[in-house]
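Here's one to look at with a few "how do you know" questions in mind. Have a look first, then we'll go through them.

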Amino acid sequence: MKKLKIILVTAIALTLSSCGDSFFDLSPNNQVTVNQIYQTENDFKMAVNGCYSKLQTQMDYYIELCEYRSDDLYLNAPTSGTQDRYDIDQFKENAANGILNDLWANFNNGVYRCNMVLDRIDDANFDEVKKKQYKAEAMFIRAYTYFNMYRAWGCVPISKKVVSVAEALNIGRATEEQMYDIICGDLQTIVDENMLPTKYTGKDMGRATMGAVKALLAKAYLTFKKPKEAADILATLIETYSLMPDIADVFNVNNKLNNEIIFAIHYNKEVVGEGHGAWYSITNLSDETNRTASLNNLYSADDKRSAMLEYVEVPGVKVCLMRKFYDTRDATTLQYGADNIILRYADVLLMYAEALNEIQYNGSQTSPAMVSLNAVHTRAGLPAIDISELPNQAAFRKAILLERQKEFPYEGQRWFDSVRLGGAQEAASNEGHTIQQYQMLFPIPTTELERINDVSLMWQNPGY
């Protein structure tokens, strides 16, 4: 299938790249040039593509803040260039951590790109259906970006428009209600106003659909402890997508946009700058993989998902990749092209089970929650879980968390799943760490505190 190619026209690319990766680099260098660019349908299509392209640069969020932070991966000792990773893994990070600083800046530049579109699109004169689509895509990407920031740092400074440096210096941390509004409120607006199609064809395949908006909205609702709202929106997705018969089919690079994928960050290894390096790679099959004892001992012998974590040699390259992200390297660009899957139907089913259980535990084998949980469990080649094994709400919640760990390793889910479902401290303890509740969030980068230099606007997360 053809995939969405995220390539900016030269003028817009120069405008966006000139902004840097900082919350304070929010004003274009040449306002006249920007106003001349943001006029036609194609201008806005390319600008929205620029919003998507920013998502391609955020893999550190999933690797460092999700996987190494969790009980899936560990780092025994820092090596050259891995001190920041080690500190995050060992719950020793501080506000000067370079990974946290880079991600904060990256996310805010992504928000800037979305706001550039949203500031100008209502005044543009082109097809109203396309205008609504591009507006919704920018809203979706902005909401997703702020959602990731919220999960990492809690309430952060937010803006729904492009602001000057002076204005940025006076934007303090948002309230919970404001974070909820810019994440859930904007996503719900897209749903209520039917702003996106349910699917695309041709070169547009891979853009955010209504299904992607609903699935993200449900995850945000669960994070904000609103299971009823999550269950209602997830119910509209049940049977809209489908589980692939074999878990290996989900990650087949020759069938990226399969029926299980709801939203993925796409890469094209044949285009310079559109592919990526070898994620989670090792040089030899005997190398240390940094997997924890928890992950190594997670699967039973007949669980098909364990095979997805096996490493395979890449022909002609001294690199081994796990099957979940396996791809051959392009001979010209020297890049790989596996996608970063953000939302898939297995996630929807397990979120649905979670939401229903949080609303009210149901002890029936045929309850929608149990059916959804078992759909994912049995796809792995395992016998169905019997409800007698999950006699109460807490046991059911724990089973969902375990199933999610088995289903999504290396997909950037585990740490935030553990925080949301209340298993983070236990998981850390099993790996030898005693952590406190404040460590469910990361420290605000020192650079941001120093720029604002006003604790009434920007304060450090307690405990750091």
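Helices here are DSSP runs of H or I with at least four residues, numbered from the N terminus. Keep in mind that this is a predicted model.

Q: Where is V156 found, in terms of the helices?
A: V156 sits in the loop between α7 and α8, the latter being 165-168.

Q: What makes V156 count as buried?
A: The cut-off for buried is under 20% relative accessible area. V156 comes in at 0%, so it counts as buried.

Q: Which residues does V156 touch, leaving out those up to four places away in sequence?
A: W104, Y146, M149, R173, A174 and M179.

Q: Why is α6 called roughly antiparallel to α7?
A: Helix α6 (residues 98-120) and helix α7 (residues 128-153) pack at an angle of about 155 degrees, with axes 9 Å apart. Angles over 145 degrees count as roughly antiparallel, so α6 gets that label against α7.

Q: What is the handedness of the crossing where α6 passes α7, left or right?
A: That crossing is left-handed.

Q: Which residues of α6 and α7 meet?
A: From α6, the list includes L100, W104, F107, V111 and C114. On the α7 side, Y134, A138, I141, T145 and M149 are among them. The residues of this contact split into 15 nonpolar, four polar and two charged.

Q: How do you know that C114 is not bonded to C51?
A: A disulfide needs the two sulfur atoms within 2.5 Å. C51 has the closest cysteine sulfur to that of C114, and the gap is 3.8 Å, so that's too far for a bond. A search of the whole structure finds zero disulfides. C155 is in none either: its nearest cysteine sulfur, in C184, is 12 Å away.

Q: Are C114 and C155 buried or exposed?
A: Set both against the under 20% cut-off. C114 has 0% relative accessibility, so it counts as buried. C155 has 11%, so C155 counts as buried too.

Q: Why is helix α4 described as largely enclosed by the rest of the structure?
A: Helix α4 covers residues 59-68, and nine of its 10 residues are buried, so the description follows. Among those buried are M59, Y61, Y62, I63 and E64.

Q: What covers the buried residues of α4?
A: The cover includes helices α5 (83-89), α6, α7 and α17 (414-421), along with strands β1 (261-265) and β4 (340-344).

Terms used. Residues are numbered from 1 along each chain as its sequence is written. This is a predicted model: local features need pLDDT of at least 70, side-chain atom pairs count only at pLDDT 80 or more; totals for chains, interfaces and linings use all residues. Side-chain values use heavy atoms; hydrogens and water are left out. Buried means under 20% relative accessible area, exposed over 50%, partly exposed in between (1.4 Å probe, protein chains only). Axes are lines fitted to C-alpha atoms, for helices over the stretch in contact, and angles run from 0 to 180 degrees between N-to-C directions. Helices (H or I, at least four residues) and strands (E, at least two) are DSSP runs, numbered from the N terminus. Angles under 35 degrees count as roughly parallel, over 145 as roughly antiparallel, 65 to 115 as roughly perpendicular and the rest as oblique. A crossing is left-handed if the near helix is turned anticlockwise from the far one by less than a right angle, and right-handed if clockwise. Contact means heavy atoms within 4.5 Å. Ala, Val, Leu, Ile, Met, Phe, Trp, Tyr, Cys and Pro count as nonpolar, Asp, Glu, Lys and Arg as charged, and the others, Gly among them, as polar.
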